[in-house]
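Colleague: Could you give me a close look at a single part of this model? I'd like the helix and sheet packing in one go, residue by residue where you can.

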Amino acid sequence: MELRKRKAEKKEEKHKLDGHPRNQKHHSPRLMNELAMAIIKERPVFVLQQLAEKLRRLSSGDSNQHNHHTGGLSEDENDMDEDVDEDEEATDSERIQETAAKTARALTAIIRVLTESAKIQRVVTSDDIQRAAFRETTFTDKEKAVAARIVNFLRPFVQQRGDDNQLPAPHILTRAPLAALANTISTIAGFRSLARKLSPASSNDPRSLPLTAAGIYDVFHERWDIPVDESHWITSSYLAGKQKSETYAAFFDTAKIESLMESHGLNFAWRMTFVSKWCVRLLGKARPGKTFIKSNYEAKKKGKDSSISPATTIRTTMETSDTYELQVRQLTSSIRPLRKEISRLELKRMDISSLVKHSRWDPAAYQQLKAIRLQISTMRLELLDLEKRLASAKRRLYDISTAATSTAAAAAVTSAAAATATSAAATDATPHSEDYVEKMDLLPLVIEHLSARKKVVFAGTDPGLVVTSVAVPRTLEAIFSDINRFQALADGSEKDDFDVQTLPKPHKITANRINEVTFARRHRIKRERRRRQGINNQKKRAKESRERELRTKRAYVRITAEERRYIGAHDSASKCPNIVHLFGDWRGINCTIKGHNRRGLKRIRAEHRIFSNVAMTNDFNTSKTCSYCFCQVIPHKERRVVDGKQQIVRLNGAVECVNPRCPAKKL
């Protein structure tokens, strides 16, 4: 800006002193062009004012008197002076730009040295920038402050030099954040084309090309010859299938493939799948001793796992069933009249409640209603205690009978089989990631949670027909609170100030969502359209089937990963908590509802047990158990008019908890 101002002032001064005559015919258009260009380029206001003043003088005829001067120079000398002034101004501008470039290069070198230095273990200041420069080099305070901020910002992303003043070997984990930062700066600055690709971008096409030895021959034999040795060649796909190692060795580094497969405990099966130019899958077979993620639950369900111990505990032979049979008979005889009495009082309570509700206020009737409610509550507590004792006696009797029937089978197990099972258990030290919840050892996870090294989040998943799964996240503290409440209620404690909270929003997976992602619905519509048109294209159906298979694998991976992220986010104090999935042991076989597709949980459980523990829980009587006090719920009773008569009926769609101390009554 100052250069332009000085240039304009010198020209104006020169025109005033020299005053050489100009042709008015050509001078006026030139001034108008200069004025237009100055407006377009947004020149300073004083330049526009000077040009406008010159144009005004020229148009009024005063410019001739102003320009003619007695001691003026010639036009050639004037032009020479203008060229000299312009050269001097250009030289000054180049000198200033050269100084700025030197300063920038010096600051860049200092920033690099301080960023890669491992000796500095504190925040870099402006004084550090000046000490790192040469003695003759000086920077402004603003330049030093900006350089110090850049160093402090880049140090966490840059590897520091070692004692030998050498940078460590480059690694993707250290280079990727710096590249991402550079991409962000380039995008903000408007140079999106300078952004680098951080990872290979593969296409979303789910189709892949399986390649066996014969497939490799069919792909490459038209352009290359495949030798077996110096005198023999592979000339057909049959020979390629017989000599797989030679076929692969002609195009791939088999030693590297074998090393890669060996690191995963596999033997190369001479098969690969070409997904894209960035992804090739190698197929192999497990080596001896290779252990995979296995499910005790699936093995027991299919009857293939003999190492799973029975759940029941064998009682001692001294215990007999006579004592428990007598106890069951006595408790049953005590419970029956108590239930009848409670039913009679319930009917009486309904009558009085209806009378109080639909008639004028009667304090005596209301007091009678309160007395009956108190009496029913007292008898309910007595009934609950007797029912718990009866259930315990029946369970003990069942254990004794089960132990008696399993004695013969246990005696048939030979010592050799026991030794084999023991050795197998000793060699297979990998913990099972899916089993019944009572057989899983979750104590290490709980200890790790309590030591604050890594949090634990539980996810209760309920299978269904319309909705495939409904997962509700719960923290370990909430689980402990439920256990303490259950223990207090089971022991008959009088404590009733339990901290009961509502459940969080669940995560749902539906069959329709999976069908949309896997193209199952789209392909079904196409098949029905072709059937109506009389087209039977087996090749098209096989292609669609393969596409659905690949999309289904990808869909379950993404959906389960989304569910794990949702469950992990429930505990905001931990970024990557341990997750324990609790699935209900229920399968809706041949259970469908019209208009709704159904999908199972087997693939969802298989994806979850790769990353976390999966426990199976028994769903027996869960729909008849209160989720707050863990007591049995009953169908709600109400008066209805049936065939012109008023009767007490049960509403199968509504249940109620009759426990007088249930915490849900306070919600």
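Modeller: Below I start with one helix and its two neighbours, move on to the sheet, and finish with the C-terminal hairpin and a couple of single residues.

Quick ground rules: this is a predicted model, so local features need pLDDT of at least 70 and side-chain atom pairs 80 or more, while totals for chains, interfaces and linings use all residues. Residues are numbered from 1 along each chain as written, and side-chain values use heavy atoms, without hydrogens or water.

For scale, the protein has 23 helices and 13 strands (DSSP runs numbered from the N terminus: H or I, at least four residues, for helices; E, at least two, for strands). Of its 667 residues, 27% count as buried (under 20% relative accessible area with a 1.4 Å probe, protein chains only; exposed is over 50%, partly exposed in between). Among contacts (heavy atoms within 4.5 Å) with a separation of 6 or more, 64% join residues 24 or more positions apart.

Now the helix I'd zoom in on, α22, residues 538–568. What sits against α22 at about 60°? Helix α23 (residues 602–611) does, with the two axes 9 Å apart (lines fitted to C-alpha atoms over the stretch in contact; angles run 0 to 180 degrees between N-to-C directions). That makes α22 and α23 oblique to each other (under 35 degrees is roughly parallel, over 145 roughly antiparallel, 65 to 115 roughly perpendicular, the rest oblique). From α22 the contact takes Thr 552, Tyr 556, Val 557, Thr 560, Glu 563 and Arg 564, and α23 answers with Arg 603, Ile 604, Glu 607, His 608 and Phe 611.

Helix α22 also has α21 (residues 520–533) as a partner: their axes come within 10 Å and cross at roughly 170°. So α21 and α22 are roughly antiparallel. Here α21 brings Ala 520, His 523, Lys 526, Arg 527 and Arg 530, against Lys 540, Arg 541, Glu 544, Glu 547 and Arg 548 of α22.

On to the sheet: six strands form an open one with mixed pairing, in the order β6-β11-β10-β7-β8-β9 (strands pair if DSSP finds at least two bridges between them). Its edges are β6 (434–436) and β9 (507–510), each pairing on one side only, and the twist averages 25° from one strand to the next. Inside it, β7 (residues 456–463) and β8 (residues 467–475) run antiparallel over seven bridges, with Thr 461 opposite Ala 471 of β8. Helix α18 (residues 443–450) lies across β7, β10 (578–584) and β11 (613–617), at about 135° to β10.

Further along, β12 (residues 633–642) and β13 pair antiparallel over ten bridges, and Ile 634 has Glu 656 of β13 as its bridge partner. Two residues separate the strands of that hairpin, where Asp 643 takes a positive phi near 55°.

Just past it, in the segment after β13 (645–657), comes Asn 659, which is buried at 4% relative accessible area. Leaving aside residues up to four places away in sequence, Asn 659 touches Leu 381, Leu 384, Cys 629, Cys 631 and Lys 665. For contrast, look at Thr 138, in the loop between α6 (126–132) and α7 (141–154): that one is exposed, at 63%. Thr 138 and Thr 103 are 35 residues apart in sequence and 8.7 Å apart in space, C-alpha to C-alpha.
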